[in-house]
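Let's walk through this fold together, from a covered helix out to a greasy spot on the surface. Have the viewer open as you read.

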Amino acid sequence: MYIHSNWQEILIRSTLVLVGLGLWNSALGLIFFPLLVVAWIVDGGLLRFHQTIQEPLVQALLLLCLLLVLGLSWGEQFEDNRMKWLKYFKLLIFVPYYSLLNRERLFWALAGLLFGYAAVLILGTYQSIALGIQGVPLLSMSYLSFSAILGVGFVTLIGISYMNRSLLVQASLWVLALAILLLQFHQNSRVFLCAAVVATVVMFFCYYRTQRLRLVAILLSLLVVVGIFASSSKVFQERWIQIKKDFEWMQQGHYDSSLGYRIAMWDVGLHGIAEKPLLGHGTGVAAGYFEKTIKSYKEGRYQDLPKFQGTAHYHNDWIEIGMHLGLLGISALIFLFWSWYRTFEKNNFTILGVGLISYMLVAGLAETLLVFSKVLLFLLMMTAIIMHWRKQ
């Protein structure tokens, strides 16, 4: 067995901590992610790659990224200055991160990930309560990304609480989870808030499926809590009123609103997938296709939308990947989520897996969650830790 020198082990453990801490800052990511790859190579990760690739989740990530590369070959020339699709490739960071973990390093990886998340949570809470600011401007994090992070924390704490037999620990996790949910109610995002609540309901159904009275009781309790949080949040009430205004505005033929813009994007996206259902329009063509098509589609109903908001993605994971890669890409996405869930199930984190996959699926219906790379990387790193947790 190869024995690492002290400096190599210090490098690897420090890198695992730094990656967890620096995950939320793009500038630090440019430093720490390459360092992670270097540590992986130093650790002999390339020699172990044949073992790493045996994991279905790794296979699913590699397949999705491989198809995106191949999709460049059948796409027409495009003008996509934002190139959001490149963020899919950040998910491959999971490969060296997972490969580096073992029993001795698990503590360091977990410490980095938890302290990093706690720092974001503290900063976001301070700026929300003390300054009334959405998101985390200090980390250049929008309210959407911060709400997505809060949703992940809420679902994770609820899922983990069902794995602990101590009533004190369970109660503590629930209190912390509800505090996070309350904070999420004071963020402008409706999509991730809805996804968190729906994912929790799905977990309840799975856990209490044979205990109907308890299921009804806990669902009613959740409904009461949500009602209290909603009534106490001016931000939530304003966003709810905005939905009604957006719908009325859309009925008058105007789509320059949050809801109207999404409806228009989905309409054009589904039309585009129907045109080329098998392979899609090619990687990187999606945004250009929208701006080109709206000039004539449905008599130019949506042609002024780029003035309302720059075209970046389709606000739907399935339509986005379908535009790039058609049914081939959608199949790869199904394989990714299925492999991810099976990874949780295999490691006896089934309820948590149900919750997180449900969260990603629901959020992905109205946002392109897969390009929220910080959130997805956090989830992948947490998954990597879980995969090694049972091996201790």
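What follows looks at one helix, the nonpolar cores and a surface patch.

A quick word on the ground rules: this is a predicted model, where local features need pLDDT of at least 70, side-chain atom pairs count only at pLDDT 80 or more, and totals for chains, interfaces and linings use all residues. Residues are numbered from 1 along each chain as its sequence is written, and side-chain values use heavy atoms, with hydrogens and water left out.

Start with α16, residues 350-363 (helices are DSSP runs of H or I, at least four residues, numbered from the N terminus). From first C-alpha to last, its 14 residues reach 20 Å, close to the 20 Å expected at 1.5 Å a residue (that is, 1.5 Å times one less than the number of residues). Eleven of the 14 are buried, meaning under 20% relative accessible area with a 1.4 Å probe, protein chains only. Those buried residues pack against α7, α9, α15 and α17.

Zoom in on Tyr359, one of the buried residues of α16. Beyond its neighbours within four places in sequence, its contacts (heavy atoms within 4.5 Å) include Ser147, Val155, Phe192 and Ala199. Tyr359 is also among the residues with the most contacts inside the largest nonpolar core, which has 102 residues; such a core joins buried Ala, Val, Leu, Ile, Met, Phe, Trp, Tyr and Cys through side-chain atoms within 4.5 Å. The biggest contributor to this core is α17, with twelve residues. A second, separate core has 18 residues, including Tyr289 and Phe290.

Now for the outside: Leu327 lies in α15 and counts as partly exposed because its relative accessibility is 42%, between the 20% and 50% limits.

Key
Helices (H or I, at least four residues) and strands (E, at least two) are DSSP runs, numbered from the N terminus.
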